[in-house]
Amino acid sequence: MVSIKDIDNIKNNLKGDIIETEIKSAARATITIKTDALIRAADYLFNELKYRFIIASALDSERGFEIYYHFSNDSTGLVANLRVILPKNKPDVESLTSMFEAANWIEREMHELFGINFLNHPNLEKLISEGNWAKGVYPYRKN
Amino acid sequence: MSKIIPIGPYHPLQEEPELFKLYCDGEVVKDIKWETGYNHRGIEKLSESKTFDQAFFLVERICGICSTSHPFAFANCMDEIAGVEIPDRAKYIRSIIGELERIHSHLLWVGLAGHFLGYNTVFMWAWKYREPVLDLFEMITGNRNSYAMFKIGGVRRDIENEKFPKIKEILNYVKKKTDLLTGAVMDDPVIHARTKGVGILTKEDIISYGAVGPTARASDVAIDVRRDDPYAAYPMVNWKVITAKGCDVFAKAEVRLLEMYESISIIEQCLDGMKKTKEGDIETKVKEVPAGWGTGHAEAPRGEVFHFVVTNGSSYPVRHKVRAPSYVNIATFKKSCVGQTITDATISLAAVDPCYCCTERMAYAYDCNTKDMILNGEEILKLSHRKTEEIRKQL
């Protein structure tokens, strides 16, 4: 049974790294964390709490490039989104591929569509256009 | 001699064209590379120019086989953002459509798997028994595919109570034929020999790749969104999550076959539940969608479909992210195919259900150095058929 305690646990554990938290219900929450705390937070959710990594969504907003990392606790139904906000002039963030393979393709996709750089990714080649798209043009950016 | 065997990119019955390059040493696959994007339609970007109502028709066209999976997840997502509770009758109808789709999609897969192994009778049987399910869709929704049933706050059409006996009659027929197919597959020693121990995916692989659906459940990872994060009518009916411990192609077939029984049972219970609700009460009116975000997921025949939408109070999404189950399941090929022979690679690739019907027309083997063709697609498929024949003779 999903309980708000799940979210409170995550909040307590990541306390110093959290910028803001938005709780929509006991089963849905977005926790915005500092960019340099991403590895630590993802490690806590994936390796300690055994959450499943669903996918990541990037978004070009006024605040910068936002990345939502969606994690699911399949035993309760909680979907916890870890969010990082990257500055538009330097959209760099650590890759999670070394932690789980599921991040591999989506990071390549976000790199290709938004121009976000994933540091220490093993192979940041284009996933979709295989070189058929102009260099330095990112189709999902809003500008 | 090292060879590269490309499979793809165009498969008319596959949701997306894609190209697999099998790096082979003799008969054994040493590595696999995947290329895609041949038919990238920019649906996520396109959705930003559609109203929420229009987007339902757009996401319905992401997949041709399980065309209701995406509207289902999108509806869950939009209901969540709008904060709307849909009527029970609409919940039942949503689940019925979702389960009928699971039945026809799994039958389609059983047929294709049979074809790859050289069991064309299984292929013809399975596709024949799938037809009545499509007829049922036509009767209920007016369409054999792309049913256009979902909307924010409910469904677009009701299923009248007078249609229930006919639906149950067809389900009964499908159930009997599923018995036949299950018997044919589960008891056949040749199918055992061709699929057991082939295309192994361990629990650790499933977790690392984030694989979902029957692919995960066949490796004893009991995840199913219908149970884990209940939606529609699933919490109101009795059913169980089917898992298997084999981790191989046989286990995936087993899970899919047994899931069809659960689906039939769910539909029957939904129909009984619908009798207690008022005809025509299928929608909660939603006037506007507030600014915010929502995550919606639904268990499609191939696994979890995930939609993430960010809204700003207008009628259009700011961002609409879609993740289909094949996106995470296909990546497991790196684990399931490497170390296998070419003859087993086809069924291992097909095991996660990326609809692998026309491989034979696209695949060919060529020498890396001279670019001479060694095997064409038909010959690769023949290799697989020959292996089945050899096993059959030995038994």
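Which helix of chain B lies across S6, S7 and S8 of chain B? In this predicted model, that helix is H3 of chain B, made of residues 69-82. Helix H3(B) runs at about 145 degrees to S6(B).

The three strands beneath this description belong to one sheet. In chain B, the sheet is open, with its strands in the order S6-S7-S8 and an antiparallel pairing. Strand S6 (292-300) and strand S8 (317-323) of chain B are at the edges; each has a single partner strand, so one side of each has no neighbour in the sheet. From one strand to the next, the twist averages 15 degrees.

One pairing in this sheet can be followed further. Strand S7 of chain B covers residues 303-311, and six bridges join S7(B) to S8(B) in the antiparallel sense. Across from B:Val309 stands B:His320, a residue of S8(B).

The chain can also be viewed by domain. According to the domain assignment, chain B has domain 1, given as 2-39 + 337-394, and domain 2, given as 46-327. Where the two touch, domain 1 of chain B supplies 20 residues and domain 2 of chain B supplies 20 residues.

Which elements give two or more residues to the domain 1 side of this contact in chain B? They are helix H14 (342-350) and helix H16 (377-394) of chain B. The largest share of that side comes from H16(B), with six residues. Sorted by class, the side of domain 1 of chain B that touches domain 2 of chain B holds nine nonpolar, six polar and five charged residues.

Notes. Residues numbered from 1 in each chain as written. Chains lettered and ligands numbered in written order. Predicted model: local features only at pLDDT ≥ 70, side-chain atom pairs only at ≥ 80, totals over all residues. Pairing = 2+ DSSP bridges. Helix = DSSP H or I, 4+ residues; strand = E, 2+ residues; numbered from the N terminus. Axes fitted to C-alpha atoms, helices over the stretch in contact; angles between N-to-C directions. Contact = placed C-beta atoms within 7 Å. Domains from an automatic or database assignment. Nonpolar A, V, L, I, M, F, W, Y, C, P; charged D, E, K, R; others polar.
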